[in-house]
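Let's take a friendly walk through the pockets of a protein model, with a short stop at a glycine along the way.

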Amino acid sequence: MIQLKNEHEQAVMREAGQILAGVLSAIQKMVVPGVTTAEIEAEADRRIREVGAIATFRGQPGMVDHAPPYPAATCISINEQVIHGIPSSRKVREGDIVSIDCGVTWRGYIADSAISVIAGRAHPDVERLVKTTRQALLAAIAVARSGKHLHDLSFAIQSWAIAEGFGIVREFCGHGVGRSLHEDPPIPNYGTPGTGPVLRPGMTLAVEPMLNLGVPKVKVLKDGWTVVTADGKPSAHWEHTLLITEGPAEVLTRRPDETD
Ligand code: MG
Ligand code: MG
């Protein structure tokens, strides 16, 4: 069942979103060749604690059998890693796509957002992949308003992916968010316009296109978490938490330095 948030809940989620936006905005500047993903994680974790929020991801149960609870505040996924990369001593290199996904819990409510940052400069195809994935997210946000169907968002994402010839990850998708990290409805990154639940004011949705330079297929590594592309080609991931209103969707995790 899709949980509609009342005004109080919306206000708390707005605060959660702004805390997370501040964290992501700060740590995206750390993505330069030579930094380790553990260093990025430590700074994100420090900033979340500093304001008295909770790192939502730490302790999340695994989605595959025998996976341990998630050990960190962020997921940092490099290149062929799509999502759920675990921060480590791995050093970022010039041209890497560094996808940072983070969630914060504030007064019982959660915001969830992800960015894909290129360290230095990358191959033009990689630059196009990262840019297109963000455009797909913005296109979904543009159609997200009361009275629309959920899969209108999915279709907007799919359209960008198809136009640019990228693979759409099918095994993972966006989701409702609120008291729980993953609430109804699931939000696939492909779909038929005019289908799926009708959007209503008070819905809070984490929309998160994951696009691959190559084939759509992904697999999970032995650590039980890291999702990688089946063909080893790069992947990008952008995510915002939205509030559906009577007018345009409110982007609760909009970063202060975000343009357009
Ligand atoms: Mg996320
Ligand atoms: Mg999410």
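Helices (H or I, at least four residues) and strands (E, at least two) are DSSP runs, numbered from the N terminus. With that naming in hand, α3 gives the most to the lining of the second largest pocket, namely five residues. Please keep in mind that this is a predicted model.

Here are the two pockets side by side.

| Pocket | Space | Nonpolar lining residues | Polar lining residues | Charged lining residues |
|---|---|---|---|---|
| Largest pocket | about 400 Å³ | twelve | six | five |
| Second largest pocket | about 310 Å³ | four | four | seven |

Let's begin with the largest pocket, which holds about 400 Å³ of space. Its lining is made of 23 residues, and Met 63, His 84, His 175, Leu 181 and His 182 lie closest to its centre. Two elements, β7 (174–176) and β8 (183–187), each give two or more residues to this lining.

Now for the second largest pocket, with about 310 Å³ of space. Which residues are the closest to its centre? They are Ser 116, Val 130, Arg 134, Trp 238 and Arg 255, out of 15 lining residues. The elements that supply two or more residues here are β5 (109–118) and α3 (124–143).

Finally, a look at Gly 165, found in the loop between α4 (150–164) and β6 (167–168). Is Gly 165 buried or exposed? Its relative accessible area is 55%, and exposed means over 50%, so Gly 165 counts as exposed. Along the sequence, Gly 165 and Gly 214 are 49 residues apart, while in space their C-alpha atoms are 8.5 Å apart.

Note on methods. Residues numbered from 1 in each chain as written. Chains lettered and ligands numbered in written order. Predicted model: local features only at pLDDT ≥ 70, side-chain atom pairs only at ≥ 80, totals over all residues. Heavy atoms only, no water. 1 Å grid on protein atoms, 1.4 Å probe; cavity = no way out; pocket = protein on both sides within 12 Å on 5 of 7 lines; lining within 4 Å. Points joined across faces, edges and corners; volume = space filled by probe spheres on them. Nonpolar A, V, L, I, M, F, W, Y, C, P; charged D, E, K, R; others polar. Buried < 20%, exposed > 50% of the residue type's maximum accessible area, 1.4 Å probe, protein only.
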